[in-house]
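Trainee: I would like to go through this model and ask what stands behind each label.
Mentor: Go ahead, one label at a time.

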Amino acid sequence: MENEYTIVLSDPELLSQVCGTNDSNLKLIEKHLGVPVFTRGNELSITEQSEDVKQKFKFIIDRLTDEVSENSFSGKDLVESILNTGFENTRINQNFNASDYAVTIPGSTRKIYPKTKNQARLIEAFRKNDLVFATGPAGSGKTFLAIAESLRLLLSHKINSIILTRPIVEAGESLGFLPGDLQDKINPYLRPLYDSMNACISGEIVKKLQENGIIEIAPLAYMRGRTLNNAAIILDEAQNTTREQMKMFLTRMGENSKVFITGDITQIDLPKRIPSGLVQALEILKDIDEISLVELDGNDVVRSPLVRKIVRAYENDKTE
């Protein structure tokens, strides 16, 4: 058929999963593209002249096929997350593949895809610039994607180490009264970083990398006086840095290093009289071309549909 564009899947069973129950996935894809999708055997086709639509169709099916093949799951939420990445405004061309936007970690059993347009922008920023600020609410994926990208760089032998750090802010309870030694006291602050790493690669690999000093997790105060070369450095919960701490951290960056700074400026735990170093840095560094500033919002929350609704409600709240 003239102007027909066809994608051949590996088998009819995979086609059935991609199409969804009663072709529910295809209906969402058709609505998004504005063209009908035809099936026969193990093929999916559209009749379309526009190269733009053809490449969007290819991206959607490639991404959906990858997810189904790896996770044996497809449904409305998955399809909508693929469509919500908003690739209408990205560099789609004839050589574009869904995996271009996946974080593929050597040794991992999964590919990590962006779930929203802003998450895709964040992955692009990680690849483009050596210093990236990612701000947004809890559950928007900023820290998880930063850790995934850092692990990709490490296990691809592009860097030699990963350093993860957080400011220690005592919110109503003094560290001095918590039980245990210093490591015991700071572990609750650093637990989310461990959780993100364990979601990307096996806990055994994480433990081995830590034991060998390849992955280091430490409070921000431990960064003073160091020059960090050949490393990915992640500063998490950066909204709780002071101005002095942020300047100190930014000047630790050495040769062949990537610095990813994540935070939520709506959840600052510093005393009211102390300005946030993250807020100041976003303002004074915004015009430097080599630095990326990516802002995520409630639409990027993928932790849970209910969390997304909670974040949106707080974003829309006008009360003090």
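**Labels and their grounds**

Mentor: Start with helix H10 (residues 277-284), which lies across strand E6 (131-135), E10 and E11 and runs at about 120 degrees to E6. Keep in mind that this is a predicted model.

Trainee: Which strands make up the open sheet with parallel pairing, and in what order?

Mentor: There are 6 strands, in the order E8-E7-E9-E10-E6-E11.

Trainee: What makes E8 and strand E11 (291-295) stand at the edges?

Mentor: Each has a single partner strand, so one side of each is left without a neighbour in the sheet. On average, neighbouring strands of this sheet are turned by 15 degrees against each other, direction ignored.

Trainee: How do you know that strand E7 (residues 161-166) and E8 pair?

Mentor: Two strands pair if there are at least two bridges between them. E7 and E8 have 5 bridges, in the parallel sense, so under that cut-off they count as paired. Within E7, Leu 164 stands opposite Ile 217 in E8.

Trainee: What joins E7 to strand E9 (residues 231-235)?

Mentor: Again 5 bridges, and the two strands run parallel. Here Ile 162 stands opposite Ala 232 in E9.

Trainee: Why is strand E8 (residues 215-219) called largely enclosed by the rest of the structure?

Mentor: Because 4 of its 5 residues are buried.

Trainee: Which residues of the largest nonpolar core touch the most other members?

Mentor: Leu 151, Leu 164, Met 197 and Ile 215, out of 34 residues in that core. At least two residues each come from H5, E6, helix H6 (142-155), E7, helix H7 (182-200), helix H8 (203-211), E8 and E9. H6 gives the most, with 7 residues.

Trainee: What does Ile 215 touch, not counting residues up to four places away in sequence?

Mentor: Ile 215 touches Leu 151, Leu 154, Ile 162, Leu 164, Met 197, Leu 209 and Gln 210. Apart from the largest core lies another, of 25 residues, among them Leu 15, Val 18, Ile 29 and Leu 64.

Trainee: How many aromatic pairs does the structure hold?

Mentor: It holds 2. One of them is formed by Tyr 5 and Phe 57, with 6.3 Å centre to centre and 75 degrees between the planes.

Trainee: Why is the pair of Tyr 5 and Phe 57 called edge-to-face?

Mentor: Ring centres must lie within 6.5 Å to pair, and planes over 60 degrees apart count as edge-to-face. With 6.3 Å and 75 degrees, Tyr 5 and Phe 57 satisfy both, so the label follows. The pair links distant parts of the chain: Tyr 5 is in strand E1 (residues 4-8) and Phe 57 in helix H3 (residues 51-71), 52 residues apart. Tyr 5 and Phe 57 are both buried.

Trainee: Why is the pair of Phe 126 and Phe 260 called tilted?

Mentor: The ring centres of Phe 126 and Phe 260 are 4.3 Å apart, and their planes are at 45 degrees. Planes under 30 degrees apart would be stacked and over 60 edge-to-face, so the rest count as tilted. Phe 126 lies in helix H5 (residues 117-128) and Phe 260 in strand E10 (residues 258-263), so the pair ties together parts 134 residues apart in sequence.

Trainee: How do you know that Phe 126 is buried?

Mentor: Buried means under 20% relative accessible area. Phe 126 has 2%, so it is buried. Phe 260, at 0%, is buried as well.

Trainee: Where is Ile 7 found, and is Ile 7 buried or exposed?

Mentor: Ile 7 is in strand E1. Its relative accessible area is 11%, so it counts as buried. Beyond its neighbours within four places in sequence, Ile 7 is in contact with Asn 42, Glu 43, Leu 44, Phe 57, Lys 58 and Ile 61. The C-alpha atoms of Ile 7 and Phe 57 are separated by 9.2 Å, although these residues are 50 apart along the chain.

Trainee: What is the order of the open sheet with antiparallel pairing?

Mentor: Its 3 strands run in the order E1-E3-E2. E1 and strand E2 (38-40) are the edge strands, each pairing on one side only. E1 is joined to strand E3 (residues 43-47) by 5 bridges, and Glu 4 stands opposite Thr 47 in E3. Helix H1 (residues 12-19) lies across E2 and E3, at about 55 degrees to E3.

Definitions and conventions: Residues are numbered from 1 along each chain as its sequence is written. This is a predicted model: local features need pLDDT of at least 70, side-chain atom pairs count only at pLDDT 80 or more; totals for chains, interfaces and linings use all residues. Side-chain values use heavy atoms; hydrogens and water are left out. Rings of Phe, Tyr and Trp (its six-membered ring) pair if their centres lie within 6.5 Å; planes under 30 degrees apart count as stacked, over 60 as edge-to-face and the rest as tilted. Buried means under 20% relative accessible area, exposed over 50%, partly exposed in between (1.4 Å probe, protein chains only). Axes are lines fitted to C-alpha atoms, for helices over the stretch in contact, and angles run from 0 to 180 degrees between N-to-C directions. Contact means heavy atoms within 4.5 Å. A nonpolar core is a set of buried Ala, Val, Leu, Ile, Met, Phe, Trp, Tyr and Cys residues joined through side-chain atoms within 4.5 Å.
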